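Good morning, colleagues. I would ask you to look at the sequence and the model on the screen while I go through a few of the features.

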Amino acid sequence: MDEQQNDGDLSSDNHVSLGAGVDIVQAKEGTDDVEFESFNDDAVSSDEMTPQEQIRRLRQKLKESTNEKQEYLDGWQRLKADFVNYKRREEENKQEFLKYSREGIITDLLPVLASFRMAFANKEAWEKVDPSWRSGVEYIHTQLLQVLTGHGLSEVNPKGERFDPNLHTATESVPTTDPALAHTIAEVLQVGYRLNGKLIRAPQVKVFGDQSATATETTLPE
């Protein structure tokens, strides 16, 4: 009798609350279908909370959402800054590569420049050459220098400067009695070259030695 009464109550109410936000609703009489009207894993029914508790819970959720949003924003800003820095480094590396990518071919052309200088250095023989032919060769030399200079090549002619073993190649010591000239470059036998500021060939030089050096000695500064 009680079971029949309970069944009748379920049909008439058409709604059973299981608590914790779960309701069972009978869809149609004579069917076993049910549907979940609402469900919240961590929720406590609002009917079981005071208004103050509800406000406190909403404030807590708002604080958590704000913190989460700030974390996402900070992460995005860090990634953006890292990407900007990466692009800048890549551009710098690209420019650095392009600056020295021609070093090999320019280095191969340096002996050609040395040959021109050797021909011009023998002034007596050079002045005997036909003037028109000599002018043509000098023009070609000038053109070659202009092209290489446009690519960042510059001569290193350190005559009179203080000898630096990191920058100059000493081949001979020249004696001197003048202490002011000691360890300075007396003569440049072969000029050096820089490419965009980088020394790619050291100049070969003669260096004034100490006062005690004789004509037969080869004392060179360290």
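**From one residue to the whole chain**

Let me begin with a single residue, Ile140, which is found in helix H5. Please bear in mind that we are looking at a predicted model. Is Ile140 buried or exposed, or does it fall in between? Its relative accessible area is 47%, so Ile140 counts as partly exposed, the intermediate class running from 20% to 50%. In the sequence, Ile140 is separated from Phe116 by 24 residues; in space, their C-alpha atoms are 9.8 Å apart.

That pair brings us to the packing of two helices. Helix H3 covers residues 103-121 and helix H5 covers residues 131-150; their axes come within 11 Å and cross at roughly 145°. The crossing of H3 and H5 is left-handed. Which residues make the contact? On the H3 side they are Ile106, Leu109, Val112, Leu113, Phe116 and Phe120. H5 contributes Val137, Glu138, Ile140, His141, Leu144, Leu145 and Leu148. Ile140, our starting point, is thus one of the H5 residues in this contact. Sorted by class, the contact of H3 with H5 comprises 11 nonpolar residues, one polar and one charged.

H3 also takes part in a second feature, the largest pocket. The space in this pocket amounts to about 240 Å³. Where does its lining come from? Two elements, H3 and strand E6 (185-190), each supply at least two of the lining residues. The largest share is that of H3, with five residues. For those following on the screen, the lining consists of Leu110, Ala114, Arg117, Met118, Ala121, Asn157, Val188, Leu189, Gln190, Val191, Tyr193 and Arg201. Eight residues of the lining are nonpolar, two are polar and two are charged.

Let me close with the chain as a whole. How many helices and strands does it have? The chain holds five helices and nine strands. Read from the N terminus, their order is α-β-β-β-α-α-α-α-β-β-β-β-β-β. The chain has 222 residues, of which 20% count as buried. As for contacts with a separation of 6 or more, 56% of them join residues 24 or more positions apart.

To return to H3: this helix crosses H5 in a left-handed manner, and H3 also provides five residues of the lining of the largest pocket. Thank you for your attention.

Note on methods
Residues numbered from 1 in each chain as written. Predicted model: local features only at pLDDT ≥ 70, side-chain atom pairs only at ≥ 80, totals over all residues. Heavy atoms only, no water. Axes fitted to C-alpha atoms, helices over the stretch in contact; angles between N-to-C directions. Helix = DSSP H or I, 4+ residues; strand = E, 2+ residues; numbered from the N terminus. Left-handed = near helix turned anticlockwise from the far one by under 90°. Contact = heavy atoms within 4.5 Å. Nonpolar A, V, L, I, M, F, W, Y, C, P; charged D, E, K, R; others polar. Buried < 20%, exposed > 50% of the residue type's maximum accessible area, 1.4 Å probe, protein only. 1 Å grid on protein atoms, 1.4 Å probe; cavity = no way out; pocket = protein on both sides within 12 Å on 5 of 7 lines; lining within 4 Å. Points joined across faces, edges and corners; volume = space filled by probe spheres on them.
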